[in-house]
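Student: Walk me through the ligand surroundings, please, in as much detail as the model allows. I'd also like to know how the rest of the chain frames them.

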Amino acid sequence: MVRSFVVKVPASSANIGPGYDVLGVGLALFLELNVSIDPTQAHLTKDDPNNCLLSYSEDSEGFDSVPLRSDANLITRTALYVMRCNNIRAFPSGTKIHVTNPIPLGRGLGSSGAAVVAGVMLGNEIGQLGFSKQRMLDYCLMIERHPDNITAAMMGGFCGSFLRDLTPQELERREIPLAEVLPEPTGGEDTGLVPPLPPTDIGRHVKYNWNPKIKCIAIIPQFELSTADSRGVLPKAYTTQDLVFNLQRLAVLTNALTLDPPNANLIYPAMQDRVHQPYRKILIPGLTDILQSVTPSTYPGLLGICLSGAGPTILALATENFEDIAQEIINTFDRNNVECTWKLLELAHDGATVEQY
Ligand SMILES: Nc1ncnc2c1ncn2[C@@H]1O[C@H](COP(=O)(O)OP(=O)(O)OP(=O)(O)O)[C@@H](O)[C@H]1O
Ligand SMILES: N[C@@H](CCO)C(=O)O
């Protein structure tokens with residue numbers, strides 16, 4: 001019997017200014033996996049160590065760069081991790097996965113979060129494991145160890161999240177190096193390693209309301225900045241003043257984005273941050289100017305502006321004047337020799353979905 005299904009996972013923007021590793025919004029730009037399992041097509045998948053024929057559409061982000069072997073690609077490695085935790089060593093023979101990915105890689109729009117969520121949903125479907133989204137979040141959080149992008153991609157909408165304290169035994173499982181969770185490319189041999197099951201309910205979240213008049217403008221520089229590098233420039237400790245500065249704004253922002261009409265006098269200052277953006281300026285030419293020069297008084301309709309995730313994308317929230325706001329930011333990047341594209345995006349309210357067909 002042939003089984004076919006589609007997995008769709010939204011892009012996301014994390015932090016929204018003061019909510020470093022806490023806030024995230026799912027954005028209506030979807031990573032899509034078209035999956036079919038047809039045992040009569042087993043000959044097509046015999047060259048892959050795990051019986052999977054993986055392809056990306058030519059217009060996909062990463063088409064030229066992402067690996068297609070199932071033990072090297074982030075989506076299928078993640079699916080193999082979920083399956084192996086549950087005693088399924090490989091994909092069923094004749095598994096074909098075609099990926100369409102409009103989420104630019106390494107730009108702060110949650111491409112890796114979407115790939116991990118898609119991989120966990122794929123593993124759950126292939127293995128018919130019947131996990132809830134809450135349980136699938138546990139698997140995701142063993143791989144990407146901050147919950148903001150992952151939660152927004154899985155649950156959709158505007159989310160706040162945290163990782164709960166783990167017991168010493170659970171901590172051992174969470175501290176396992178990533179290489180022992182995700183299968184390493186093996187040259188065709190299956191090591192037989194059974195990864196430890198993730199602890200349960202690692203991540204806790206709430207979904208806030210969001211005023212639908214507020215749209216997201218993403219200004220996307222044409223260079224990649226890995227999340228690891230962008231986290232590497234952050235300090236290990238902060239002053240009380242800087243932490244209080246962010247906490248005060250975080251508390252106001254989560255409610256301000258629900259109010260009608262949206263109030264730029266509240267949202268713009270509530271999107272200021274002292275925990276990550278000041279340190280990331282050295283990695284993103286023009287960031288200081290951009291964050292200071294585009295304001296609600298110069299651009300009516302603008303509500304707030306911040307770095308999207310680990311950057312380099314800029315997220316501007318606005319109710320109108322989208323093109324002018326984007327163009328001003330593009331011009332500032334241009335003066336710093338950085339080319340950009342931009343997108344106007346709605347929220348993705350439902351998060352990740354699977355549809356059988
Ligand atoms: N669709 C995909 N298929 C395969 N690999 C992917 C895919 N999307 C992302 N990746 C992997 O994740 C890497 C990017 O992850 P990284 O965390 O650095 O950036 P990001 O997730 O785009 O940004 P941020 O976490 O700040 O939003 C890519 O270089 C690639 O290795
Ligand atoms: N909160 C994360 C999001 C990127 O994945 C960061 O800013 O590093």
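Tutor: A quick convention first: helices here are DSSP runs of H or I with at least four residues, strands are runs of E with at least two, and both are numbered from the N terminus. On that count the chain has 12 helices and 11 strands. This is a predicted model, so local features are reported only at pLDDT of at least 70 and side-chain atom pairs only at pLDDT 80 or more, while totals for chains, interfaces and linings use all residues. Residue numbers start from 1 along each chain as its sequence is written, chains are lettered from A, and ligands are numbered from 1 in the order in which they are written.

Confidence first. The mean pLDDT (the predictor's confidence in each residue, from 0 to 100) is 94, and 96% of the residues reach 70 or more. The model also scores ipTM 0.98 and pTM 0.96.

Now the frame. Along its principal axes the C-alpha trace spans about 65 × 45 × 35 Å. The radius of gyration, 21 Å, agrees with the value near 21 Å for a compact globule of 357 residues; that radius is taken over C-alpha atoms, and the globule rule is 2.2 Å times the number of residues to the power 0.38. The domain assignment (automatic or from a database) splits the chain into domain 1, made of 3-205 + 348-356, and domain 2, covering 210-345. Their C-alpha centres lie 27 Å apart.

The two domains do meet: 25 residues of domain 1 are in contact with 31 of domain 2, where contact puts two C-beta atoms, placed from the backbone, within 7 Å. On the domain 1 side, β1 (3-14), β2 (23-37) and β5 (158-163) each put in at least two residues, and β2 gives the most, with four. By class that side holds 13 nonpolar, 11 polar and one charged residues. For the classes, Ala, Val, Leu, Ile, Met, Phe, Trp, Tyr, Cys and Pro count as nonpolar, Asp, Glu, Lys and Arg as charged, and the others, Gly among them, as polar.

On to ligand 1. It is surrounded by 23 residues, the closest being Ser111, Ser112, Thr227, Gly309 and Ala310; a residue qualifies as near if its C-beta atom, placed from the backbone, lies within 6 Å. Helices α1 (74-85) and α2 (111-126) each supply at least two residues of this shell, and α2 has the largest share, four residues. The shell divides into nine nonpolar, 13 polar and one charged. Both domains take part, with at least three residues drawn from each.

Ligand 2 has 13 residues around it, and Ala14, Asp21, Thr227, Gly309 and Ala310 come nearest. Here α4 (147-155) and α7 (227-232) are the elements giving two or more residues, and α7 gives the most, three. The class split is three nonpolar, seven polar and three charged. Again each domain contributes at least three residues to the shell. So look at Thr227, Gly309 and Ala310: they are among the closest to ligand 1 and are also listed among the nearest to ligand 2.

A few backbone details deserve a look too. Most residues other than glycine have a negative phi, and most peptide bonds are trans. Asn15 has a positive phi of about 85° although it is not a glycine, and Asn15 sits in the loop between β1 and β2. Gly311 and Pro312 are joined by a cis peptide bond, with omega about 5°; Pro312 belongs to the loop between β8 (302-307) and β9 (314-318). Another cis bond links Asp260 to Pro261, with omega about -5°, in this case with Pro261 in the loop between α8 (240-256) and α9 (264-270).

Last, the record. An unreviewed UniProt entry places "domain: GHMP kinase N-terminal" at residues 73-157 and "domain: GHMP kinase C-terminal" at residues 271-329; the positions follow the numbering used here, the feature names are shortened, and such annotations may be inferred rather than shown by experiment. In the model, 73-157 is 56% helix and 7% strand, with its end C-alpha atoms 27 Å apart. For 271-329 the figures are 32% helix and 19% strand, with the end C-alpha atoms 17 Å apart.
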